[in-house]
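Open the model in your viewer and keep the selection panel at hand. The tour moves from one selection to the next.

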Amino acid sequence: MTFDFAASEAVGVGWLDTAGPLLVWVIVLSFVFVECALIIGLFLPGDSLLFAAGVVLASHGADASAWLLSVAALVVAVVGNQVGYYIGQQTGVRFIARRGGKVLNRRNLDRAREFLDRKGFLAIVAARWIPWVRTLAPLIAGAARMNPRRFVLATALGGVFWVPTLVLLGYYGAGLLDTIPWVKTVLVWLSVAFFVFGTGYGVFRYRQEMRRPVEDEPDQEYPAAA
């Protein structure tokens with residue numbers, strides 16, 4: 001008795017034929033914007049989502065879609081950071097820290113600020129690869145009145161190294177497994193499962209944090225950033 005790998009692959013990822021690349025686009029662009037612009041983004045699995053998007057698109061053989069999604073997500077990431085910068089510029093960071101918060105606490109806020117103080121321009125570039133700093137950096141940069149043009153340049157440069165790298169790594173990495181259909185199927189399912197459970201857990205953690213009272217310590221002044 002022989003095992004039909006083609007049939008196995010159809011059972012494993014055939015449902016993606018009805019979902020299609022469009023659904024991947026909607027999910028990725030929405031999540032990238034939220035992660036780069038809003039505090040809830042601290043708890044979302046952004047890195048794994050970009051990689052998973054590449055893996056799912058590989059099951060369609062959608063080369064053009066993978067490259068176009070990389071460009072679109074890069075633009076959305078930059079726009080999202082600009083929104084975060086504007087929010088920080090208008091409101092500061094006084095509403096972020098929570099008393100007894102596990103993630104949204106004064107210590108993490110100060111660590112992110114110190115990181116930006118030490119590295120400046122390069123910190124915004126590198127922040128793309130540091131999940132919790134990725135969301136806090138635009139807010140802090142805005143509160144510190146970092147030069148807007150330098151901020152745009154830094155966040156765009158960081159996005160170039162972040163978004164396409166992960167999407168295309170997932171796409172071409174999964175594509176290398178075309179000769180081993182069942183491994184590719186497992187990889188797709190693991191990527192989707194990690195995204196679904198990671199998002200659910202992230203939303204749960206966010207709600208837990210937001211239930212805590214705002215830190216009553218006076219919001220410190222942020223010196224003007226370069």
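Start inside. Select Asn81, Ile124, Ala127, Arg128, Arg134, Ala137, Pro138, Phe151 and Thr155: together they line the largest cavity. This is a predicted model. Which elements give two or more residues to that lining? Helix H7 (131-143) and H8 do. H7 gives the most, with three residues. The volume of the largest cavity is about 40 Å³. Do not hunt for others above the cut-off: a search of the whole structure finds one cavity of 30 Å³ or more.

**Stop two: Arg134**

Keep Arg134 from the cavity lining and hide the rest. Is Arg134 buried or exposed? Its relative accessibility is 3%, under the 20% cut-off, so Arg134 counts as buried.

Now add Glu35. Its side chain meets that of Arg134 in a salt bridge, at 2.6 Å from N to O. Colour the two helices: Arg134 lies in helix H7 and Glu35 in helix H2 (residues 16-37), so the pair ties together parts that are 99 residues apart in sequence. Glu35 is buried too, because its relative accessible area is 2%.

Add Asp47 next. Asp47 also forms a salt bridge with Arg134, and here the closest N and O atoms are 3.2 Å apart. This pair again links distant parts of the chain, with Asp47 in helix H3 (residues 46-58) and Arg134 in helix H7, 87 residues apart. Check the surface at Asp47: it counts as partly exposed, because its relative accessibility is 22%.

Show Glu35, Asp47 and Arg134 as sticks. The three are linked in a network of salt bridges. How many salt bridges does the structure hold? Two. Side chains of opposite charge can pair when their charged atoms come close.

**Stop three: the annotated spans**

Colour residues 22-44, 64-88, 151-174 and 186-204. An unreviewed UniProt entry places the feature "transmembrane region" at these positions. Take two of these spans in turn.

Select residues 22-44. This span is 70% helix and 0% strand. Put a distance between the end C-alpha atoms of residues 22-44: they are 21 Å apart. Glu35, from the salt-bridge network, falls in helix H2.

Move to residues 151-174. Here the chain is 100% helix and 0% strand. The end C-alpha atoms of residues 151-174 lie 34 Å apart.

**Stop four: the outer face**

Switch to a surface view and select Trp129, Leu157, Val160 and Phe161. These residues make a nonpolar surface patch of about 370 Å². Pick out Phe161, which is found in helix H8 (residues 148-175). How does Phe161 count by accessibility? Partly exposed, because its relative accessibility is 49%.

**Last stop: the whole chain**

Return to cartoon and show everything. What secondary structure does the chain have? Nine helices and zero strands. Follow the ribbon along the sequence and the pattern reads α-α-α-α-α-α-α-α-α. Finally, colour by accessibility. Of the 226 residues in the chain, 47% are buried. Arg134 and Glu35 are among them.

How values were computed
Residues numbered from 1 in each chain as written. Predicted model: local features only at pLDDT ≥ 70, side-chain atom pairs only at ≥ 80, totals over all residues. Heavy atoms only, no water. Patch = residues over 30% accessible without salt bridge, like charges linked within 9 Å, V, L, I, M, F, W, Y side chains within 5 Å. Areas by Shrake-Rupley, 256 points an atom, 1.4 Å probe, with all protein chains shown as cover. Salt bridge = Lys/Arg side-chain N within 4 Å of Asp/Glu carboxyl O. Helix = DSSP H or I, 4+ residues; strand = E, 2+ residues; numbered from the N terminus. Buried < 20%, exposed > 50% of the residue type's maximum accessible area, 1.4 Å probe, protein only. UniProt positions renumbered as here; feature names shortened; annotations may be inferred. 1 Å grid on protein atoms, 1.4 Å probe; cavity = no way out; pocket = protein on both sides within 12 Å on 5 of 7 lines; lining within 4 Å. Points joined across faces, edges and corners; volume = space filled by probe spheres on them.
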